[in-house]
Amino acid sequence: MSEKICVRGGRVLEPDGSSAPYRDLIIDDGTIVDIVSPEESRGVTTQIVNATDRLLIPGLVNAHTHGHGSLGRGMGDRWTLELLLNAGPWLSGKRTMEHKYIAAALNAAEMILKGCTSAYDLYFEFPAPTPEGMGTVAQAYRDVGARVVIAPMLADMSLYEAVPGLMDSLPEPLRRQAGQFALNPFEETAAACQTFLESWTHPADEAKPALAPTIPLHCSDPFLERCRDLARAHGVGLHTHLAESRTQAVSALKRYGRTLTAHLDALGVLGPNFTAAHGIWLDDDDIARLAANGCAVAHNPGSNLRLGTGVAPIRKLLDAGVRVGVGSDGTNSSDNQNMFEAVRLAANVSRVADVDPDRWVSAGEALKMATSEGAAILDLATATGRIEIGARADIVFLDLDNINLVPFNDPVNLLVYSEDATSVKSVMVNGRMVLDNGRFTRFDCRSLVRRAQDAAEELRARTAENRQISAQLERHVAKHCLCLCREPYPVERLICDPVKE
Ligand SMILES: [Zn+2]
């Protein structure tokens, strides 16, 4: 049955962010069917949602996260990307179905609390994804009330096999211990992916599947081609960490004799369903290839800063016509799921990449990346990331009395540079309040917090052995990758010069 509601008394952010006039929203069955002045809505007699003293903005869209990362919060310091991956077997492994659910629910809950209503989640379930595991993750997001695209992370080579020369550089018995982290043959993982895609039962506008061959260097070419074919056959997205670190970029030249992007292009992996996470170490030719193939990039400035991977060439990507969204990345690499922080960093970090202010990412561009552009990347079977007639009612209610928004000067500047998610009061998804004045309406958050604390305790014991092996490997991984990182590369994305320093 149709449920008509009127969100009354709030200020609604205009699509270009330039102003926020008082407007009332008429919502029917989860869709915004009219946007009217307060005078026009006076005669509307339907269920009223009071939005007095609230600024209404579209639910933010997280273009790249890892739900499993929520249980790894605050685990490491001074980790490069490769050291984070070296910690992977204990940081994200040995999880039961209960742990997988809790991690995803915790991720979704933090997103909602901080004004984000949908995410592209690259979830860790090794050695191969299962319908049960991915279904559990989908259910967790749906229980909290967030939309999600779920892409299992896939690989058929471990870090130690993927980085040229790393395995050979390890002394015995460490080499043998690293060998324990070998992954399944790709045929088995590909078969598991097919089963996962064929068994998907969740509604496509709430939870949708995709595939994430996680890092090209960690996937053999036949596996990448199989992922390409599976994604096309099932009409789902492909999402990979592309040219994230200098070590990866140098490794690609050694392994393929060409850049990662050129290699994926040659394999036919690039296309309109392809999202490149990070995209830092791209040269002009790579950017042209992404543009020519209609690919998107998920920009993760928080994680790029935390892992010291570099500054992504966002202005060049935008100039080339590549669609760019913003992601928080996993909490185990960027510490939170705060999309307001990610948006601010997306704008601010562009300032160290160019002296010409016209080439910096503007507040309006950053906000667009985290709303309508992100929504286009997720491509859920419904219109989100905007407040307009015909769009789904995914709406964040911000407290206009919160100091972040006082005085209420330029709305888009306030949202990008001043807001830190503390003014989020309520969140509506699909026309229903999932967070109402700071309280979740659909699940018991206090119980989830207790379960998460218990899970962390359990996992400490379950992963102790892997943690010990990773600790022994860490020094060797750091040294080998630093040597690779210091080799010449045609483009530079760090402020320092790693070749000379
Ligand atoms: Zn990631």
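**View 1. Sequence spacing of the zinc donor residues.** In this predicted model, the residues that donate to the zinc ion follow the pattern H-x1-H-x174-H-x87-D along the sequence. H66 belongs to the loop between β7 (60-65) and α2 (81-91), whereas D329 belongs to the loop between β14 (323-326) and α15 (331-334); the pair therefore ties together parts that are 263 residues apart in sequence.

**View 2. The donor atoms around the zinc ion.** The protein donors are H64 (NE2), H66 (NE2), H241 (NE2) and D329 (OD), and they lie 2.1 to 2.5 Å from the zinc ion. The 4 donor atoms subtend angles of 86 to 170 degrees, so the arrangement is irregular. A tetrahedral site with four donors would require all angles to lie between 85 and 135 degrees. Two of the donor residues may be examined for burial: H66 is buried, with a relative accessible area of 5%, and D329 is buried as well, with a value of 3%.

**View 3. Strand β12 and its surroundings.** Strand β12 comprises residues 274-278. Of its 5 residues, 5 are buried, and the strand is therefore largely enclosed by the rest of the structure.

**View 4. Pairing of β12 with β11 and β13.** Strand β11 (residues 237-242) runs parallel to β12 and is joined to it by 5 bridges. Within this pairing, T240 has A276 of β12 as its bridge partner. Strand β13 (residues 296-299) also runs parallel to β12, with 3 bridges between them, and A277 stands opposite A298 in β13. From β12 the chain passes through helix α12 (residues 284-292) to β13, forming a right-handed β-α-β crossover.

Conventions
Residues are numbered from 1 along each chain as its sequence is written. This is a predicted model: local features need pLDDT of at least 70, side-chain atom pairs count only at pLDDT 80 or more; totals for chains, interfaces and linings use all residues. Side-chain values use heavy atoms; hydrogens and water are left out. Buried means under 20% relative accessible area, exposed over 50%, partly exposed in between (1.4 Å probe, protein chains only). Helices (H or I, at least four residues) and strands (E, at least two) are DSSP runs, numbered from the N terminus. Two strands pair if DSSP finds at least two bridges between them. A crossover is right-handed if, with the strands pointing away from the viewer, the path from the first strand over the helix to the second runs clockwise. Donors are N, O and S atoms within 2.8 Å of the metal (3.2 Å for Na, K and Ca); water is not among the atoms, so sites may look incomplete. Four donors count as tetrahedral if all angles lie between 85 and 135 degrees; four count as square planar and six as octahedral if opposite donors are over 155 degrees apart and all others between 65 and 115; anything else is irregular.
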